[in-house]
Amino acid sequence: MDAQVRSVLRRVIQRIPNKNIENLLKKWNCLSADQLCALDYTRPKWMIVEQVTSFCEENRLNLKHITNLEMIYHIENPDKGVWHACQLTEAQDDAVGVDLTQFKEQFKAHLHGVVRHISIKIKKHEDEAIWIRIAWGDNFSKPNHLKPTYVVHHLHTSYVFISNLMAKHKIFLCQALVIATKHGSIKDGHLSTRSLTAMRELLLRRYQQVTYPAMFTVTKHLFAGLFTDPCIGKEHSEHEEMRYQMSCEAFGHGPTPKLETAVYRLETRYRGNGNHTLSDREEFFRGVVRFSSSSLLDSLRHCVASGMAEGPVTPLLSAITQRGRNYFVITDKGPGVSSQASAQRA
Amino acid sequence: MGKRDVQIIFLLYFFLLGVFLIIMERRGSAVNTPASRPVTRRSKSYGRSCVEAPSYFWQTPGHLAVLKIPNSRGTAKSQTITNKVDPEHIALLVKNEWKLSYITPLHHFRHTRLKSYSKHLSAFIVAEKQQGVAVEVGLEAGFKVTFSAVLGLAENDEDAETVFIQIQSKPVFAAVADAPKVVWRGWLTCVNGDLEYLRSLPPDFVSLPLFCTSGPESLTTLVKSWFERAFDCNFGCLALNSTTLNWLTALWTGCHPTCNIRHLKLAWSLPTQPPLDVSYTVNPQDAWELWNSIHPEESTDDRIDIQEVQSFINGLEAHFFRHFKIFLSAGTLVKVSTALGSAHVDGKIKIGNSDYITTLLTLLTECALLKMPA
């Protein structure tokens with residue numbers, strides 16, 4: 001095993017907490033049962049790394065095996081790093097007929113054709129997701145296995161999720177995806193988050209949208225405890241119900257995908273209160289608003305349900321779930337329109 | 001010896017006892033004349049020296065002067081502070097993020113004794129750090145404390161000069177030629193303090209109400225306890241309330257024509273579950289135009305009113321509301337930042353530009369004086 005292979009192996013093992021290493025190595029299935037038993041997971045990390053490295057050398061494992069281990073680690077822990085979403089558009093007629101073998105062939109063929117040194121690994125996971133690991137090189141240097149790009153795609157959907165892609169490689173990857181999936185073009189999805197799970201849930205609609213009556217009875221009990229006087233509670237219950245309904249329509253009920261941020265670039269005319277000189281201005285009142293939270297959609301839903309936000313929920317916020325994006329540029333529709341602002345693609 | 005002799009002896013004895021008791025009582029009844037009581041300085045024989053003052057003052061002196069919360073204040077004035085203050089000192093102030101506290105007036109603090117304060121404080125820190133350690137395994141061999149006066153920051157006649165404290169330490173295993181590293185910095189200041197209040201203080205007291213620190217909390221605590229013992233003062237955390245942050249927003253935005261503020265960034269925290277942070281970064285030119293429409297630049301009145309400040313913040317919140325329908329007033333304004341500096345509600349500030357340092361320090365001195373227990 002050469003130095004690069006050893007450093008890839010070391011990096012993978014060092015990232016995992018000791019208690020999870022055993023499962024990963026079992027799944028990998030490259031070490032014998034005796035070797036697995038010999039490993040002591042209570043030892044310090046550097047000792048475990050040394051032991052695993054020596055076992056790999058014994059078994060004469062090579063780069064392929066180690067990159068396989070890295071892929072398994074990423075598939076098991078998809079919520080590391082920053083993921084960006086892209087959307088495929090202009091599907092051709094035979095796009096639905098593309099199967100896994102075709103996709104793999106076309107994808108690899110294209111990339112091998114345009115980049116001289118490149119290492120591509122494609123794996124299909126149980127949940128129908130295709131995972132692709134790409135280590136990029138160029139005309140003069142070998143592929144860099146320490147900074148691989150990961151791509152995840154569900155066949156026959158129009159979304160692709162990408163992590164750790166450098167700007168100079170973007171064009172190659174986009175071309176390859178477009179060709180392999182038989183689409184016309186690919187564009188930026190304006191959604192980025194640390195959690196791939198959240199991204200998939202949001203875009204592939206895997207989380208529950210509303211059927212609010214069943215959930216409301218549960219939450220009613222949450223609010224009921226706040227008011228000691230039953231008359232006050234009764235007065236408020238109608239408003240609460242309405243607010244809760246609105247919040248669920250916009251953000252769903254039950255657990256929401258764990259997004260962390262949403263960014264809005266505002267380029268609209270000033271709409272403050274009663275300030276005439278400024279409201280008549282033609283120029284925009286520029287600014288950038290950034291919402292952040294450990295679980296953004298939960299916070300926004302609570303905001304609406306508790307009255308901190310006025311209902312009905314503005315389309316700017318509900319666009320996060322409806323359109324599946326978290327970066328927006330908001331402009332006025334045109335000169336002379338006084339009250340509506342619309343979300344437009346950047 | 002006859003009976004009479006014994007009586008005389010007894011009388012003499014009681015007389016002497018009486019005199020003795022009166023003398024003792026006179027010593028103890030100095031509570032009513034605080035200012036005249038001398039401070040006794042004792043040096044303990046095992047090398048630990050500190051100034052010990054008997055403490056009579058359970059009330060901050062000067063409490064009779066009432067401090068009013070101002071409704072208006074002057075606009076931010078730019079001045080090339082490096083004309084008045086040593087540029088090296090200014091560079092130190094501009095570099096770090098400072099944590100704020102207030103201090104009650106210091107008893108018998110003398111700007112002329114800074115060298116001896118340096119020695120006492122470093123001995124105190126070394127002694128405190130060695131307490132409870134059986135074998136000398138401390139990583140830091142010695143602490144060197146430097147007190148220096150930063151002349152020129154004081155604005156009015158009653159302001160005391162700023163005092164800057166720096167603590168350096170050298171790790172035990174460092175080479176002899178290695179320069180000691182600065183591990184802690186702090187400064188006490190008073191800029192444009194309330195004249196009535198400062199004049200009402202008894203003559204032995206010096207007021208430097210604003211204390212800014214940067215460095216490990218353990219050293220800050222040690223410095224504070226030394227000050228408390230040496231000068232009979234009290235410290236307290238100076239949190240900045242939203243009114244102060246609003247003032248800073250308006251003052252800094254008003255500086256945009258003379259000094260590009262680069263951006264006006266406001267951060268709110270809303271009490272949702274989980275908490276939601278909203279940060280609104282406004283283009284500086286647009287922010288300034290909004291401020292100018294409320295408080296025109298050409299107006300001859302050099303003062304800003306609190307209502308104008310409130311109007312400005314309301315305008316920004318209203319523009320936000322029109323888009324997102326979220327009431328920012330349901331949360332708290334947590335941080336304001338521009339190129340001129342930043343201020344956090346927990347009492348942390350950063351000075352970005354030395355030209356406007358006087359305005360910022362005036363505001364903070366006022367906050368410190370208001371926050372002190374009366």
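The legends below describe several close-up views of a predicted model.

Local features are given where pLDDT is at least 70 and side-chain atom pairs at pLDDT 80 or more, while totals for chains, interfaces and linings use all residues. Residues are numbered from 1 along each chain as its sequence is written, chains are lettered from A in the order in which they are written, and side-chain values use heavy atoms, with hydrogens and water left out.

**View 1. A salt bridge links helices α1 and α4 of chain A.**
The structure holds ten salt bridges over all chains. A salt bridge is a side-chain nitrogen of Lys or Arg within 4 Å of a carboxyl oxygen of Asp or Glu. One of them joins A:R6 and A:E57, with an N to O distance of 3.3 Å. A:R6 lies in helix α1 and A:E57 in helix α4 (residues 45–58), so the pair ties together parts that are 51 residues apart in sequence. Helices (H or I, at least four residues) and strands (E, at least two) are DSSP runs, numbered from the N terminus. A:R6 is partly exposed at 34% relative accessibility, and A:E57 is partly exposed at 37%. Buried means under 20% relative accessible area, exposed means over 50%, and partly exposed is in between (1.4 Å probe, protein chains only).

**View 2. A salt bridge crosses between chains A and B.**
The side chains of B:D286 and A:R286 meet in a salt bridge of 2.9 Å, N to O. The pair runs from helix α7 (residues 284–294) of chain B, which holds B:D286, to strand β8 (residues 285–292) of chain A, which holds A:R286. B:D286 counts as buried because its relative accessibility is 2%. A:R286 has a relative accessible area of 37% and is therefore partly exposed.

**View 3. A salt bridge lies within helix α12 of chain A.**
The closest N and O atoms of A:D298 and A:R301 are 3.1 Å apart, and the two residues form a salt bridge. Both sit in helix α12 (residues 296–306), three residues apart, about one turn of the helix. An α-helix has 3.6 residues a turn, so residues three or four places apart point the same way. A:D298 and A:R301 are both buried.

**View 4. A patch of positive charge lies on the surface of chain A.**
The patch gathers A:R11, A:R15, A:K80 and A:K147. Patches are made of residues with over 30% relative accessible area and no salt bridge, with like charges joined within 9 Å. Lys and Arg count as positive, and the place of a charge is taken as NZ of Lys or CZ of Arg. A:R15 belongs to helix α1 (residues 3–15). With 42% relative accessibility, A:R15 is partly exposed.

**View 5. Two cysteines of chain B are shown without a disulfide.**
How many disulfides does a search of the whole structure find? The count is zero over all chains, where a disulfide is a pair of cysteine sulfur atoms within 2.5 Å. The cysteine sulfur closest to that of B:C212 belongs to B:C367 and is 12 Å away, too far for a bond. B:C237 is in no disulfide either, and its nearest cysteine sulfur, that of B:C212, is 12 Å away. B:C212 is buried, at 0% relative accessibility, whereas B:C237 is partly exposed, at 46%.

**View 6. Helix α8 of chain A is mostly covered.**
Six of the eight residues of helix α8 (residues 196–203) are buried. Among them are A:L196, A:M199 and A:R200. Just after the helix, A:R205 takes a positive phi of about 55°.

**View 7. Two residues of chain A other than glycine have a positive phi.**
A:E90 has a phi near 55°. A:E90 is part of strand β1 (residues 83–91) and is exposed, with a relative accessible area of 58%. A:N164 has a phi of about 65°. A:N164 is placed in the loop between β5 (159–163) and α7 (167–181), and at 45% relative accessibility it counts as partly exposed.

**View 8. A cis peptide bond occurs in a loop of chain B.**
The bond joins B:Q273 and B:P274, with omega about -5°. B:P274 lies between β10 (264–270) and β11 (276–282).

Technical notes: Patches are made of residues with over 30% relative accessible area and no salt bridge: like charges are joined within 9 Å, nonpolar side chains (Val, Leu, Ile, Met, Phe, Trp, Tyr) within 5 Å. Accessible areas come from the Shrake-Rupley method with a 1.4 Å probe; for residues, only the protein chains shown count as cover.
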